[in-house]
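Open the model in a viewer with side chains displayed. The stops below follow one another as selections.

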Amino acid sequence: MGYEIFELRKEIKETPLTTGIEVKNSFMDDNFEALTQLYLKGVNPLSKEKFIQIKDGYSGITDFKNFEVLDFGNGTMAIIHLTHKEDASSIKVQDIRLIPKEMQSLFK
């Protein structure tokens, strides 16, 4: 059965949503190792302590939201909230906001 799941998984296109689902599942399954495997090489993964803190806040309900950050390279950044149309045929902009200077380090 594990091989069948692996083969199915190979056919699923990686998207921000599918990666987000894998992150959520790692918290739901209390699987710190699975979470660390999702990190980009060379990036320090979440500490075990932070993992436990986030996992303990997991309520069983997850709402996924899609955002893109625009960095204009001149000290101005904006965040775009994207949403799928109900029929999932396209993605539309729901909101665009400037990111205050004091919060920009969160997105770099």
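Select Asp-95, which has 28% relative accessibility and therefore counts as partly exposed. This is a predicted model. Add Arg-97 to the selection: its side chain and that of Asp-95 meet in a salt bridge, with 2.8 Å from N to O. Arg-97 has a relative accessible area of 54%, so this residue is exposed.

**Other salt bridges**

How many salt bridges are there by this rule? The count comes to three. For another of them, select Lys-65 and Asp-63, whose closest N and O atoms are 2.8 Å apart. Lys-65 is partly exposed because its relative accessibility is 48%, while Asp-63, with a relative accessible area of 58%, is exposed.

Go next to Lys-55 and Asp-56. The closest N and O atoms of this salt bridge are 3.4 Å apart; the cut-off that applies is 4 Å. Lys-55 counts as partly exposed at 22% relative accessibility. Its partner Asp-56 counts as exposed, at 55%.

**His-81**

Select His-81, in strand β2, which covers residues 77-84. Is His-81 buried or exposed? The relative accessible area of His-81 is 15%, so the residue is buried; the cut-off for that class is under 20%.

Now display what surrounds the histidine. Leaving out residues up to four places away in sequence, His-81 touches Lys-65, Asn-66 and Phe-67, and also Lys-92, Val-93, Gln-94 and Asp-95. Two of these names come from earlier stops: Lys-65, in the salt bridge with Asp-63, and Asp-95, in the salt bridge with Arg-97.

**The aromatic pairs**

Colour the aromatic rings. The structure holds two aromatic pairs. Phe-27 and Phe-51 make a stacked pair, with 4.9 Å from centre to centre and 20 degrees between the planes. Phe-27 belongs to helix α2 (residues 16-28) and Phe-51 to helix α4 (residues 48-56), so this pair ties together parts that are 24 residues apart in sequence. Both Phe-27 and Phe-51 are buried.

Keep Phe-51 selected and add Phe-32. What kind of pair do the rings of Phe-32 and Phe-51 form? It is edge-to-face, because the planes stand at 75 degrees, with the ring centres 5.3 Å apart; the cut-off for that label is over 60 degrees. Phe-32 sits in helix α3 (residues 32-36) and Phe-51 in helix α4, so the pair links distant parts of the chain, 19 residues apart.

Show the three rings together: Phe-27, Phe-32 and Phe-51 are linked into a cluster by ring pairs. Why does Phe-51 count as buried? Its relative accessibility is 0%.

**The nonpolar patch**

Switch to a surface view for the last stop. Select Val-69, Met-103, Leu-106 and Phe-107, which make a nonpolar surface patch of about 360 Å². Within this group, pick Leu-106, found in the segment after β3 (91-98). Leu-106 has 63% relative accessibility and so counts as exposed.

Notes
Residues are numbered from 1 along each chain as its sequence is written. This is a predicted model: local features need pLDDT of at least 70, side-chain atom pairs count only at pLDDT 80 or more; totals for chains, interfaces and linings use all residues. Side-chain values use heavy atoms; hydrogens and water are left out. Patches are made of residues with over 30% relative accessible area and no salt bridge: like charges are joined within 9 Å, nonpolar side chains (Val, Leu, Ile, Met, Phe, Trp, Tyr) within 5 Å. Accessible areas come from the Shrake-Rupley method with a 1.4 Å probe; for residues, only the protein chains shown count as cover. Helices (H or I, at least four residues) and strands (E, at least two) are DSSP runs, numbered from the N terminus. Buried means under 20% relative accessible area, exposed over 50%, partly exposed in between (1.4 Å probe, protein chains only). Rings of Phe, Tyr and Trp (its six-membered ring) pair if their centres lie within 6.5 Å; planes under 30 degrees apart count as stacked, over 60 as edge-to-face and the rest as tilted. Contact means heavy atoms within 4.5 Å.
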